[in-house]
Every structure is written in structure tokens, then in C-alpha cells.
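Reader: Hi! I'm in my first year and still learning to read these pictures. Could you take me through one part of this one slowly, the sheet, and then point out the aromatic rings?

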Amino acid sequence: MTEQPKPHKVRHLDARTLRGLAHPLRMRLLSSLGLDGPATASQLAARLGESSGATSYHLRQLAEYGFVEDDPDRGKGRERWWRPAQQGIRTNADLMRDQSPEVRGALSTVLHEYATQRAQEVSTWIATRNEWSADWAEASSISDFTLDLTPAQTFELSRKVHELVESYRALAPEENTPDAAKVRIHSHFFPTRPAGDSDSDSD
């Protein structure tokens, strides 16, 4: 009997949890735990070049807001092991439309940190691509596209892309499959204006 893949738990942000996440170090801690696996505050400090006091404090804050939790398989010694409490985070439409300065500021912090992390990931791949096999070099892609679309069409395209990506979770190779690796996939859908255009007409 084929083992079914574990459910992919996604956390939906609200105004409270958004504020709890909106700190660059907290977001880096959460990203490291998701990509590199469970760790202690000391191990995360070494990974990220931070003090263990800072990582310990912000891990406790992440736990208070439900983003991280104890890892029961490892937390048997004196040090506390942490793992993500979910496999993904989603920002709801209501939060994107919220006009309160506090929410807009927190959301801006989160989005800018996401953009910074993703740019760093791409830069790391470019710098280390020669360390990977020729198959991986051929399979990788750094692409961009420009389409003329309405907001509704853009939303539909984004939804279809996400559904396609999610469909590949069930196709994950078995553990220790040769040349298998975690693959990062970034998506950005946003409108642009030609250079020189502005929101308002000038006389």
C-alpha cells in the first residue's frame, strides 16, 4: 500500500500573527527551520551569525504566536529543539486590504523580508551552480514574463500556478533518491508602469 503524503499545513495570517512575524530575524529563523530542519537556539545562532540570546528570545516570540513548536523527537537534552508549526504561510485578501498604519507597516516589513530572502537564495544558486550536476544546471530556470492582464486574469493565473506546484508534492521521490534535492520555486505576480508614468495626470 502506497503511503500517502503528509498534509501540507498552511498558516493563514491575521492582524495579530502578522505583527508577531514582522521582524527580519524571526522570519530568517522560521525560514532556516523550514529549509534546514529543526535546531536549537545555539545552532540557529551559528547558522545565521546571530547571538544565541537573540535567537532564543525571538524563537520564544515565534512560539507565542504559534509559528514554531518543540520538536518531541529531539528535545530530550538540556537544550530546546525547535521546528516550524506549519509548512507554509498565507496572507489573506482582507489583510492585504487593511488600511490601518500598523497592519500596513507590518505587512510591508514581511513582504520586504520575503523579497530579500528570495533574492539571496537566487544569488546563492548563481554563485554555487558549478557545484551541481549538469542535469541540475539544465533543469534550473531563472525566468521572467510580461503579460497584459486584468486583475481577475492575474488572480486566475496565480491560482493555477500554485495548484500545479502543489500537485508535485505527491510526486516527491523517496528519501535518499540519488541526485534528489529540495527545489525552491518563487512566484511574483505584480503590475508595472512604463518608465515616467505616474498615478495622476500633470497639467
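Author: Sure, here is the sheet, followed by the rings.

A quick note on the source: this is a predicted model, where local features need pLDDT of at least 70, side-chain atom pairs count only at pLDDT 80 or more, and totals for chains, interfaces and linings use all residues. Residues are numbered from 1 along each chain as its sequence is written, and side-chain values use heavy atoms, with hydrogens and water left out.

Let's start with the sheet. Three strands (DSSP runs of E, at least two residues, numbered from the N terminus) make an open, antiparallel sheet, in the order S2-S4-S3. Strand S2 (39–40) and strand S3 (68–70) are at the edges with a single partner strand each, so one side of each has no neighbour in the sheet. Strands count as paired if DSSP finds at least two bridges between them. S3 and S4 (residues 81–84) have three bridges, while S2 and S4 have two.

Now zoom in on who faces whom. On the S3 side, Asp70 has Trp82 as its bridge partner in S4, and Val68 stands opposite Pro84. On the S2 side, Thr40 stands opposite Trp81.

In a regular strand the side chains alternate between the two faces of the sheet. You can follow that along S4: Trp82 and Pro84 point to one face and are buried, whereas Trp81 and Arg83 point to the other and are not. Here, buried means under 20% relative accessible area, exposed means over 50%, and partly exposed is in between (1.4 Å probe, protein chains only).

On to the rings. The structure has two aromatic pairs. In one, Trp132 and Trp136 have ring centres 6.0 Å apart and planes at 75°, so this pair is edge-to-face. For the cut-offs, rings of Phe, Tyr and Trp (its six-membered ring) pair if their centres lie within 6.5 Å; planes under 30 degrees apart are stacked, over 60 edge-to-face, and the rest tilted. Ring pairs join Trp125, Trp132 and Trp136 into a cluster. Trp132 counts as partly exposed because its relative accessibility is 39%.

Some rings also have a charge over them, meaning NZ of Lys or CZ of Arg within 6 Å of the ring centre and within 35 degrees of the ring normal. Arg11 lies over the face of Phe67, 4.8 Å from the ring centre. Likewise, the charged end of Arg118 sits over the ring of Tyr114, at 5.0 Å from its centre.

Definitions and conventions. Helix = DSSP H or I, 4+ residues; strand = E, 2+ residues; numbered from the N terminus.
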